[in-house]
Structures are given as C-alpha cells and as structure tokens.
Amino acid sequence: MPKSTIKVALIGNPNTGKTSLFNQLTGLNQQVGNYPGITVDRKIGQCNLYQNQKATILDLPGTYSLNANSLDENLVVELLLNKNDKDFPDVIVVVTEVENLKRNLLLFTQIKDLEIPTILAINMVDQMELKGISLDIPKLEEGLKTKIALISSRKSIGIENLKQLILSYEEISTEPCLNASEIDPEYFGNLRRIYPNQQLYKLWLVISQNVNFGDLTKNIIQHQSFAKTDSELKKLQHQETVKRYQFINALLKETKKVDSSKAKDIQSQLDRILTHKIGGYAIFFGVLFLIFQSVFDWSSIPMDFIDESFASLSSWVSENLPAGKLNDLISQGIVPGIGGVVIFIPQIAFLFLFISLLEESGYMSRVVFLMDKSMRRFGLNGKSVVPLISGTACAIPAIMATRNIENWRERLITILVTPFTTCSARIPVYTILIALVIPEKKLFGFLNLQGLTLMLLYLIGFFAAILSAMILNKILKFSTKSYFVIEMPNYKIPFYKNVGLNVIEKTKAFVFGAGKIIISLSIILWFLASYGPNENFDNAEKIISSQPETKTLSEDEMQNKIASFKLENSYIGIIGKSIEPVIRPLGYDWKIGIGIVASFAAREVFVGTLATIYSVGSHQDEEGTIKQRMKDEIHPVTGKPIYTFASGISLLLFYAFAMQCMSTLAIVKKETNSWKWPMIQLFFMSGLAYLLSLTVFQFLK
C-alpha cells in the first residue's frame with residue numbers, strides 16, 4: 001500500500017511545461033521558498049490523489065541531463081543520489097514535451113537507471129494532431145520499462161490518469177533502460193565487482209559528478225583503478241550519451257511517427273520577425289513601452305482608492321478610539337505603515353501580469369536569444385539575461401538564478417550587476433515620487449508622461465548593469481569561454497491559471513515579505529517619533545506657546561506647530577538631524593534621510609517610513625493621503641516644497657543606483673562565499689548613487 005503521503009518529484013528540461021503541471025496538481029496549495037536554479041523558487045505543493053491519499057509535489061529546477069554543468073543541475077543530482085534527504089522522492093515524474101521527445105528522453109533514461117520508480121509524462125498532447133504526430137504508447141512503455149501519461153498541462157488533459165499512476169507507483173518497474181556496463185565494460189565491470197551491493201549507475205554519478213557521499217566517495221577515490229582525469233571522464237560521459245541516443249533513436253523510430261504534410265506551423269514565421277536583428281529590438285522595446293504605460297494608467301484608480309481609504313481609516317481610528325498611546329500607535333504607526341505597502345498592490349500585480357504573459361506565450365525566451373550577442377560584448381553570458389530580466393521581480397532569486405551560468409567569471413559579473421535592475425521593491429518609491437514631481441500629462445494625446453518616466457528608470461537600471469559589466473569585464477581577466485544554449489518553446493496562448501497563480505504568488509510574496517518588515521519598522525519608528533530624550537520634547541507645548549509669532553495662529557495651526565516641534569526633538573528627529581548635513585546637498589531634509597536609512601532593510605520601506613513620520617508630525621484631525629502629506633511638506637529654511645522637480649529626480653536616481661537591500665548583500669555573500677564582493681557592491685553602488693544625485697540636484701535646482 002502507498003504511504004499516507006507520497007513524495008513526488010517533478011523533473012524535466014526547461015520549457016517542457018513542468019511548472020504548469022505543478023500548478024495543475026497543487027493549485028493554491030503551494031509553498032514557495034528560496035531554492036536555487038532556473039525555476040528559482042523552491043516550490044512544494046500538496047495534491048489530493050484519491051480520497052484521503054495525499055501527495056507532496058516537489059518542483060525541481062529544470063535540467064537537461066544528470067551530467068551536471070551548473071549548480072542548479074548539481075542539486076538535482078545530489079537529491080536523487082541521497083536517500084536520506086528529507087525530499088527524496090518515492091516516485092519521479094519526468095515531464096517531456098511531445099515535439100522534443102528525443103532530447104527529453106536523455107534525462108528520463110538517466111533517472112530511470114537510478115532504479116527509482118519513474119513515470120514519463122508526455123506534455124502538449126493537444127498539439128499532436130496539429131503537428132501530425134502519432135505515438136505507439138504500449139510499445140513505448142515496453143521499451144522504456146515504465147508507465148506513460150499523455151497530458152496537456154494547459155488544458156487539464158490526462159491529469160487524473162497521471163494521479164492514478166502516481167497512486168500505484170509501487171507497481172512501476174525500476175529496471176534500468178540502459179546497462180551501464182555497455183559504456184565501458186572493463187571500467188564498469190570493476191565497479192560492479194568491488195561494490196556488488198551498490199547501484200552501478202549511482203556509482204558512476206558519484207564519480208563523474210564529484211558529489212560527496214562520505215565513506216563511499218572516499219573509498220572510490222582511494223581505488224587507483226577508478227582514478228580518471230577530467231578529460232577521461234568527459235570521454236566516458238560522451239560515450240554514455242551516444243549509447244543513450246542510440247537506444248532512444250531506435251525506440252522512437254518504431255513508436256513515433258510524424259506526418260509533416262498534416263502539420264501547420266507558423267512558429268518559424270513568427271521567429272523571423274520577433275528575433276530579427278533590428279526589428280526584434282524595436283518590438284521588444286515597444287512591448288516594454290506598452291507595459292509601463294498600462295501599469296500607470298490601469299492602476300491609478302485602485303491606487304487612489306486605497307490611498308484615500310487608508311487615510312480615512314487612520315482618521316476614523318484617531319477620532320473613535322479612546323485618546324492615548326494605543327490610539328496614536330494604530331492611527332499614526334500601524335495603519336499608515338500598512339497603507340504604504342497595500343497602495344502598490346495594483347501596480348505590482350499588473351507588472352507581474354505582463355511578465356507572466358510574456359513567459360507563458362514563449363516570447364521571453366526569444367528576448368533572451370535576441371539579447372545574447374549584445375550580452376557577450378560586455379563579458380556576460382546569454383544566460384545572464386535571465387537574472388537581469390527576473391531581477392525586475394527581486395534581485396535575490398535573480399542572483400540565485402546565476403547558478404545556471406557555468407563560467408565563474410561571467411557568473412560573478414552577472415551577480416555584481418544584477419542589483420542595478422529595477423526590482424519590484426523600487427516601484428513604491430518610483431511611483432510615489434513620479435506622481436509628486438512629474439505632471440500627469442499625455443504627450444501626443446496617448447503617451448503618459450509618468451509611465452514614460454517609469455520606463456526610463458527601468459532602462460537606466462538595465463544600461464547601468466550593462467555598463468558596469470563592461471567595466472568588470474576589463475578588470476576581471478579570465479580566458480575561459482562558455483557557450484549559450486537555450487530552449488525555444490513553442491508559441492502558445494497564455495494559460496490563465498498559470499498566469500493567475502503566478503500573479504497571486506508574486507504579489508503575495510511582495511506584500512507579506514515587505515509587510516512584516518514595514519509593520520515592525522512602523523512600530524519602531526512611531527516609538528522613536530513619539531518620544532524624546534530631552535526637556536524640549538516634554539515641554540513642546542509650553543515652548544511653542546511662549547513664542548510671539550504663534551499668538552496669531554489658529555488652534556489647528558498651533559497643534560501642527562507643536563507636533564512638528566516634538567518630532568524634531570524626538571529620538572528619530574535627533575537621528576535625522578545628525579545625518580542631514582550629508583544629504584542636504586542632494587536636496588533632502590532629515591525626514592527623507594530617515595527614510596533612506598530605514599530602507600536599507602528593504603527599499604519599499606521608504607514610503608511606509610515617511611507615511612509614519614508625516615502622520616506623527618501632523619495634526620490628526622485633518623485627514624490627508626500619504627501622497628498629499630508628502631506634497632504639502634515644506635522646507636523650514638527655504639519655505640519651498642521639499643519635493644521639487646530637482647529633489648524628486650535626485651531621489652529617483654539615488655534609488656535607481658544605490659544598493660539598499662540587506663537581503664541582497666546577504667545572498668551575494670552566500671553565492672560568492674566572501675564578504676569582499678558584497679562590500680564592493682555596497683560602496684560602489686552607494687557612492688555612485690550619491691555622486692549622480694548630487695550632480696543632478698545641483699544642476700536642476
């Protein structure tokens with residue numbers, strides 16, 4: 001009988017529909033955490049197979065074979081070789097794609113030879129008739145010694161059949177597809193003789209993939225008969241690949257038929273247009289332009305509604321709860337802090353919606369292919385485009401995604417420049433500042449000036465990354481060359497379920513990830529802004545009332561004057577005033593300085609920080625939105641608005657270039673195994689941000 005919970009691993013080449021199948025099996029019952037690889041996230045989900053029989057589904061990084069060439073592929077190998085790993089699967093589902101079955105089966109036959117129950121899922125069967133493809137499934141099952149599920153993860157075809165096969169996984173043969181001894185009879189014969197109780201193919205992977213399994217690895221290394229140079233191991237791997245493809249070719253010759261006369265393929269025609277050396281770039285930038293125009297136009301209504309709602313909620317709490325510190329904490333600390341995150345949900349959701357549509361349609365892979373030649377001029381691998389593009393979501397998984405870059409030098413350069421890419425955490429800062437200093441106008445009747453500014457900030461970040469890569473390419477000399485290989489998936493209509501789940505998952509990760517930090521910081525900031533260390537704070541009302549110029553002020557004006565005086569003499573005011581001389585040349589006051597310092601925890605904290613400070617520093621009987629409070633902020637010395645065109649552009653550029661994310665620094669340290677590189681990142685990016693912001697403000701003011 002199967003276990004109470006069956007552990008299932010989904011493995012497959014990139015772009016075979018593995019993640020789509022994962023979404024079909026698990027729906028919203030997913031947990032996403034940091035996991036290295038092309039899939040980037042470590043996805044585990046729960047699936048109900050039949051009645052009370054549950055399954056845990058693990059979505060592993062996409063890999064082409066068990067001859068690992070990158071860290072993410074190596075992780076797959078190590079999991080499959082280690083039965084003591086908590087995620088070691090009871091059954092593996094290898095996801096293949098019907099048009100690329102020959103290439104996909106290389107990975108399947110390798111996994112099958114590890115003698116783990118393995119099911120072959122052939123995806124996109126809904127395209128078989130359109131492509132003129134037919135399969136002899138019984139003969140294919142016999143040849144591969146497995147069970148096959150014909151599925152379409154996009155159209156939910158064959159999912160129930162796959163669940164039944166998983167349920168009866170113990171009945172699936174674990175007999176290998178290929179006798180490993182055929183690769184080199186003498187070498188593998190010695191392995192079998194000395195280690196009769198070990199799986200032969202597992203022994204081979206332990207040797208060829210340089211994985212560490214304690215005493216077993218030590219014993220193998222100590223045997224001189226197994227000592228091989230890297231070139232000799234590569235030769236044996238090549239022989240293995242040839243043997244496998246000979247087996248696969250012979251089997252598919254009997255089981256797969258393609259009648260090209262029935263196929264109706266427009267993919268080549270589209271590729272000629274979308275990957276054209278000139279037109280392809282124009283189309284890509286046109287797509288980006290439409291995305292950022294839509295992000296601003298479509299999200300403005302829900303954002304305004306959220307902003308006004310939280311302002312009303314803060315005012316309602318202030319008026320209806322009993323007066324006191326709890327009232328102040330909720331109305332001035334927690335509510336504005338949460339509002340500073342929630343207000344950006346529409347824009348985050350729209351951005352991820354467009355990115356998901358591009359990925360689901362197959363267009364994103366064309367963009368990566370298109371940019372490959374350009375990337376190489378700057379010392380980057382074509383695969384570097386994947387982290388740079390995925391960095392628009394978050395730099396942390398983007399940096400982890402560099403693990404699929406085999407060349408260390410190219411990988412290091414990609415790690416160092418990826419934080420320049422505008423991530424979703426910058427959007428709250430960008431959008432609030434753009435709304436304050438860029439007029440809401442349309443050029444030529446259709447170009448939204450604010451959306452155009454947002455697009456320019458994205459392009460500035462991207463070009464900064466490319467320029468930095470060029471500089472690093474000159475500094476970091478290394479002669480090793482690498483080659484770029486990418487899967488070109490078929491064009492397809494985006495699957496609404498995958499798009500929806502991706503938008504929900506990414507938006508939820510942003511809101512809850514940022515929310516924890518922001519709520520905590522909002523409470524801390526409220527405390528620092530509500531208490532002070534000296535008599536000026538305690539006697540604020542008496543001091544302000546004794547000033548001659550306040551005699552003519554109204555009650556509301558007097559209260560605001562007192563609140564502002566207390567804020568300046570609070571703990572946070574003292575901290576802000578101490579750093580103000582450093583940031584004053586950039587056009588910032590001490591309140592912005594507090595926002596900048598606080599946002600080192602996470603960039604998006606900047607808006608929530610200012611929302612809290614401005615709430616504490618204003619009279620709460622007067623309702624006002626976050627945007628309005630920032631707009632009304634006046635410099636006490638110059639008497640002019642704090643957020644002018646000059647200071648706003650300066651602040652936008654500061655956030656475009658500064659390394660303000662402790663989590664990113666931590667992941668760079670982890671990936672490079674040294675504090676040297678993250679410290680170089682921190683000082684270089686922050687110094688560059690300061691100099692550019694200083695130059696721009698002094699020029700524009």
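Start by selecting helix α18: its buried residues are Arg 409, Glu 410, Arg 411, Leu 412, Ile 413, Thr 414, Ile 415, Leu 416 and Val 417. Buried here means under 20% relative accessible area, exposed means over 50%, and partly exposed is in between, with a 1.4 Å probe and protein chains only. The helix spans residues 408-417, and nine of its 10 residues are buried. Helices (H or I, at least four residues) and strands (E, at least two) are DSSP runs, numbered from the N terminus.

Some housekeeping before you click on. This is a predicted model, where local features need pLDDT of at least 70 and side-chain atom pairs count only at pLDDT 80 or more, while totals for chains, interfaces and linings use all residues. Residues are numbered from 1 along each chain as its sequence is written, and side-chain values use heavy atoms, with hydrogens and water left out.

**Either side of α18**

Now pick Thr 402, in the loop between α17 (395-400) and α18. Is Thr 402 buried or exposed? Its relative accessible area is 0%, so Thr 402 counts as buried. Show its contacts (heavy atoms within 4.5 Å). Leaving out residues up to four places away in sequence, Thr 402 touches Pro 387, Arg 411, Thr 414 and Ile 415. Try a distance label too: Thr 402 and Ile 413 are 11 residues apart in sequence, and their C-alpha atoms are 9.9 Å apart.

Next, jump to Thr 422, in the loop between α18 and α19 (427-437). Thr 422 is buried as well, because its relative accessibility is 1%. Beyond four places in sequence, Thr 422 touches Gly 391, Thr 392, Tyr 430, Leu 457 and Tyr 458.

**The cores**

Time to look at the nonpolar packing. A nonpolar core is a set of buried Ala, Val, Leu, Ile, Met, Phe, Trp, Tyr and Cys residues joined through side-chain atoms within 4.5 Å. In soluble globular proteins, nonpolar side chains tend to be buried together.

The largest core has 88 residues, and the members touching the most others are Phe 606, Tyr 643 and Leu 651. Helix α20 (residues 449-475) supplies the largest share of this core, 10 residues. Another core lies apart from it, with 53 residues, among them Ala 9, Leu 114, Leu 120 and Val 206.

Zoom in on Phe 606. Not counting residues up to four places away in sequence, Phe 606 touches Val 429, Ile 592, Gly 595, Ile 596, Ser 599, Leu 651 and Tyr 655.

**Rings**

How many aromatic pairs does the structure hold? There are six. Rings of Phe, Tyr and Trp (its six-membered ring) pair if their centres lie within 6.5 Å; planes under 30 degrees apart count as stacked, over 60 as edge-to-face and the rest as tilted.

Select Phe 527 and Tyr 531 for a tilted pair, 4.9 Å centre to centre with 35° between the planes. Phe 527 is partly exposed at 41% relative accessibility, and Tyr 531 is also partly exposed, at 29%.

Then try Phe 654 and Tyr 655, an edge-to-face pair at 5.9 Å centre to centre and 75° between the planes. Phe 654 is buried at 9% relative accessibility, and Tyr 655 is buried at 1%. Add Tyr 588 to the selection: ring pairs link Tyr 588, Phe 654 and Tyr 655 into a cluster.

**Charges over rings**

The rule here is NZ of Lys or CZ of Arg within 6 Å of the ring centre and within 35 degrees of the ring normal. The charged end of Arg 244 sits over the ring of Tyr 201, 4.8 Å from its centre. For Lys 102, the ring is that of Tyr 245, with the charged end 5.9 Å from the centre.

**A loop stop**

Select Glu 99, in the loop between β5 (91-97) and α3 (101-112). Glu 99 is partly exposed, at 28% relative accessibility. Past its sequence neighbours up to four places away, Glu 99 touches Lys 131, Ile 133, Lys 256 and Asn 490.

**Last stop: confidence**

Finish by colouring on pLDDT, the predictor's confidence in each residue, from 0 to 100. The chain's mean pLDDT is 78, and 82% of its residues reach 70 or more. Over residues 32-41 pLDDT stays under 50, and the model has 39 contacts for them beyond four places in sequence. Residues 619-623 are also below 50, with 17 contacts in the model beyond near neighbours in sequence.
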